Amino acid sequence: MSKTIIIGDGPAGLSAALLLAKLELDVTVFGIDKTSMHAAMLYNYLGIPEMTGSEYQKIARQQVANFGADLQNKRVTDVEKTDSGFVVTTEDGEQHESKYVVLAEGKGVKLSVGLGLTDAGQDVAVAHAGRTRIDGLYVVGRSTNIKRTLAIISAGQGAAAAIDIASTEFGRDVNDFDSMPKK
Ligand SMILES: Cc1cc2nc3c(=O)[nH]c(=O)nc-3n(C[C@H](O)[C@H](O)[C@H](O)COP(=O)(O)OP(=O)(O)OC[C@H]3O[C@@H](n4cnc5c(N)ncnc54)[C@H](O)[C@@H]3O)c2cc1C
């Protein structure tokens, strides 16, 4: 069982995955790499003067994989809440269990609609760090504001959800600070 399943492999999902994997929490990402980042040319992402969205995605995926996250190229067809967490069904009919789910499905909010969190084509309303009224289920990224979207906003929201999950798991406030190496 994965501690966290992330559904969506755009900036929001990958950012959540990066932090969870870096904090050595077991994480699986399901995504089909159909993000609109492949149409983007980034000049407005702080710290990156200029980069194609596809290059950003390539680097991000590699970065996440390097920290040990399990990236699976599969579409998720269903998410079900159970007493102990979630059962996530992928297009091949396989079922995967997790304690947390981070939904980062972008502008198509199909799974959120299925969970009763919004209506088709509408934003998903979320609380702090992307929490929803379903315990353990977070919604991050474009799904929360479909018409006002930027990659850096999605990445920030993904990071906030990951820090919230890690803080819950470790029972303390987690920041994931790294320091300069000592000379
Ligand atoms: C033409 C264009 C240009 C843009 N230019 C810029 C720009 O210059 N700067 C900028 O900051 N932003 C730009 N954007 C916006 C940017 O692409 C979005 O802000 C960003 O992609 C949102 O990230 P996200 O992770 O929230 O969602 P997305 O990037 O949409 O990621 C969602 C991912 O989840 C996957 N997914 C969805 N449902 C499932 C499922 N059921 N199972 C598995 N996977 C699933 C999708 O395939 C997708 O890969 C541009 C967008 C477009 C269309």
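Helices here are DSSP runs of at least four residues and strands are runs of at least two, numbered from the N terminus. Keep in mind that you're working with a predicted model.

**Exercise 1. Place Ala125 and decide whether it is buried or exposed.**

Start with the location: Ala125 sits in the loop between H3 and S9. Next, get the cut-off straight: a residue is exposed if 12 or fewer other C-beta atoms lie within 10 Å of its own, and buried if 20 or more do. Ala125 has 11 other C-beta atoms within 10 Å, so it is exposed. For a sense of distance, take Gly31: 94 residues separate Ala125 from Gly31 in sequence, and their C-alpha atoms are 22 Å apart in space.

**Exercise 2. Write out the order of elements in the protein chain, and work out how its radius of gyration fits a compact globule.**

First, count the elements: there are four helices and nine strands. Reading from the N terminus, they go β-α-β-β-β-α-β-β-β-β-α-β-α.

Now for the overall dimensions. A compact globule of 183 residues would have a radius of gyration near 16 Å, and the protein chain has 16 Å, so the two agree. Along the principal axes, the C-alpha atoms fill a box of roughly 50 × 35 × 30 Å.

Two more figures round this off. Of the 183 residues, 40% are buried. Take the contacts between residues at least 6 apart in sequence, and 57% of them join residues at least 24 apart.

**Exercise 3. Describe helix H1 and find what covers its buried residues.**

Begin with the span. H1 covers residues 11-22, twelve in number, and reaches 16 Å from its first C-alpha to its last, close to the 16 Å expected at 1.5 Å a residue.

Then look at burial: eleven of the twelve residues are buried, leaving H1 mostly covered. Among them are Pro11, Gly13, Ser15 and a run from Ala16 to Ala21. The cover includes strands S1 (2-7), S2 and S8 (95-103), along with helices H2 (53-66) and H4 (151-170).

Finally, check what comes next. Glu24 follows H1 and has a positive phi, near 65 degrees.

**Exercise 4. Work out how H1 packs on H4, and which classes of residue make the contact.**

Geometry first: the two axes come within 7 Å and cross at roughly 35 degrees. The crossing of H1 and H4 is right-handed. On the H1 side, the contact is made by Pro11, Ala12, Gly13, Ser15, Ala16, Leu19 and Leu20. The H4 side includes Ala151, Ser154, Gln157, Gly158, Ile163 and Ile165. Sort the contact residues of both helices by class and you get 13 nonpolar, five polar and no charged ones.

**Exercise 5. Asp33 and Ala129 both have a positive phi; say where each one lies and how exposed each one is.**

A bit of background: most residues other than glycine have a negative phi.

Take Asp33. Its phi is near 50 degrees, and it lies in the loop between strands S2 (27-30) and S3 (41-42). Asp33 has 14 C-beta neighbours inside 10 Å, so it counts as partly exposed.

Now Ala129. Its phi is about 60 degrees, and it belongs to the loop between helix H3 (110-114) and strand S9 (137-139). Because Ala129 has 16 C-beta neighbours inside 10 Å, it counts as partly exposed.

Notes: Residues numbered from 1 in each chain as written. Predicted model: local features only at pLDDT ≥ 70, side-chain atom pairs only at ≥ 80, totals over all residues. Rg over C-alpha atoms; globule rule 2.2 N^0.38 Å. Contact = placed C-beta atoms within 7 Å. Expected span 1.5 Å × (residues − 1). Axes fitted to C-alpha atoms, helices over the stretch in contact; angles between N-to-C directions. Left-handed = near helix turned anticlockwise from the far one by under 90°. Nonpolar A, V, L, I, M, F, W, Y, C, P; charged D, E, K, R; others polar.
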